[in-house]
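The following paragraphs offer a guided reading of one protein chain. The reader is invited to look at the sequence and the structure first, and then to follow the text from the whole chain to single residues.

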Amino acid sequence: DFRMLSDDDFVEVMMHIKKDLMSAWPTKWIMTGLPHAFMPAILKPLGVREKPTFFIEGLTGSGKTAMTFVLQWFWGQFETIPNMAGTAKGLLLGAYDYKDALFVVDDYKGANRQQIAALSEVIQYAYEPTGAMKLNRDSSMQTSRVPRGILMFSGEEFLSSDAAKVARCIL
């Protein structure tokens, strides 16, 4: 969790980021992933509404999950991170709960239409948080639960054929 560090603690954290974190994964991954992990702390005070999604693509066993899991830990101690086995509604609700924080989702494979549709929907709503107008059974309006955090996905293959999703992501 974010908290003010003493000067000595800050120096130690920076040393570990430089010595350990920066050398554990490919430079291009960590040099884009690390700043993205801290985006939630600065976007709201700056008044930035659009929130790009960071998608890290790599082969099985390349360390994507480990890196995204470590980056998630800047926002608290998590036992697990969600994976793409969830539905679009489940992922949207998770991204809603992570207000002004990083929300990591692991293991996108694009193996079926459900996963492709879920990724597309979550990326769309995360970038421009506009709510869908839906009714309850009694004709009252449902509460819109759009993502309030910053998204980071890992996977083996991205939706490169969908230009609208590519434009909303950092790949």
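In this chain, 71% of the contacts with a separation of 6 or more are between residues 24 or more positions apart. The model shown is a predicted one. The protein chain contains six helices and four strands, and from the N terminus on these elements follow the order α-α-β-α-α-β-α-β-α-β. Of the 171 residues in the protein chain, 37% are buried. The accessible surface of the protein chain amounts to about 10,200 Å², and carbon and sulfur atoms account for 56% of that area.

A suitable place to begin is the N-terminal part of the chain. Helix 1 spans residues 7-24, and helix 2 spans residues 27-46. How do helix 1 and helix 2 pack, and at what angle? Their axes lie 9 Å apart and form an angle of about 125 degrees. An angle of this value makes helix 1 oblique to helix 2, because it falls neither within the range of 65 to 115 degrees, which counts as roughly perpendicular, nor over 145 degrees, which counts as roughly antiparallel. On the side of helix 1, the contact is made by I17, L21 and M22; on the side of helix 2, I30, M31 and L34 take part.

Helix 1 also contains F10. This residue has a relative accessibility of 47% and therefore counts as partly exposed. Together with V11 and M14, F10 makes a nonpolar surface patch of about 300 Å².

The discussion now turns to charged side chains. The structure holds two salt bridges. In one of them, the side chains of K44 and D100 meet, with a distance of 3.5 Å from N to O. Because K44 lies in helix 2 and D100 in the loop between helix 4 (88-97) and strand 2 (102-108), this pair ties together parts that are 56 residues apart in sequence. The side chains of K99 and D100 also meet in a salt bridge, here at 3.0 Å from N to O. K99 counts as partly exposed because its relative accessibility is 40%. Salt bridges that share partners thus join K44, K99 and D100 into one network.

D100 deserves a further remark. Although D100 is not a glycine, it has a positive phi of about 55 degrees. D100 is partly exposed, as its relative accessible area is 28%.

The loop between helix 4 and strand 2 also holds Y98. Which residues does Y98 touch, leaving aside those up to four places away in sequence? They are Q72, F78, F103, R148 and G149. A further relation links Y98 with W75: the two are 23 residues apart in sequence, and their C-alpha atoms are 9.6 Å apart in space.

Another loop, the one between helix 3 and helix 4, is the place of P82. With a relative accessible area of 27%, P82 is partly exposed. Not counting residues up to four places away in sequence, P82 touches F103, V104, V105 and D106. P82 and F153 are separated by 71 residues in sequence, while the distance between them in space is 9.9 Å, C-alpha to C-alpha.

The last residue to consider is T68, which is found in helix 3 (residues 64-72). Is T68 buried or exposed? T68 has a relative accessible area of 0%, and it is therefore buried, since the term applies under 20%. Leaving out residues up to four places away in sequence, T68 touches I56, I81, V104, M152 and S154. V104 is thus among the residues touched by T68, and it is also among those touched by P82.

Taken together, these details return the reader to the starting point. T68 of helix 3 touches residues such as M152 and S154, and Y98 touches R148 and G149. The salt bridge of K44 and D100 likewise ties together parts that are 56 residues apart in sequence.

Notes:
Residues are numbered from 1 along each chain as its sequence is written. This is a predicted model: local features need pLDDT of at least 70, side-chain atom pairs count only at pLDDT 80 or more; totals for chains, interfaces and linings use all residues. Side-chain values use heavy atoms; hydrogens and water are left out. Patches are made of residues with over 30% relative accessible area and no salt bridge: like charges are joined within 9 Å, nonpolar side chains (Val, Leu, Ile, Met, Phe, Trp, Tyr) within 5 Å. Accessible areas come from the Shrake-Rupley method with a 1.4 Å probe; for residues, only the protein chains shown count as cover. A salt bridge is a side-chain nitrogen of Lys or Arg within 4 Å of a carboxyl oxygen of Asp or Glu. Helices (H or I, at least four residues) and strands (E, at least two) are DSSP runs, numbered from the N terminus. Buried means under 20% relative accessible area, exposed over 50%, partly exposed in between (1.4 Å probe, protein chains only). Contact means heavy atoms within 4.5 Å. Axes are lines fitted to C-alpha atoms, for helices over the stretch in contact, and angles run from 0 to 180 degrees between N-to-C directions. Angles under 35 degrees count as roughly parallel, over 145 as roughly antiparallel, 65 to 115 as roughly perpendicular and the rest as oblique.
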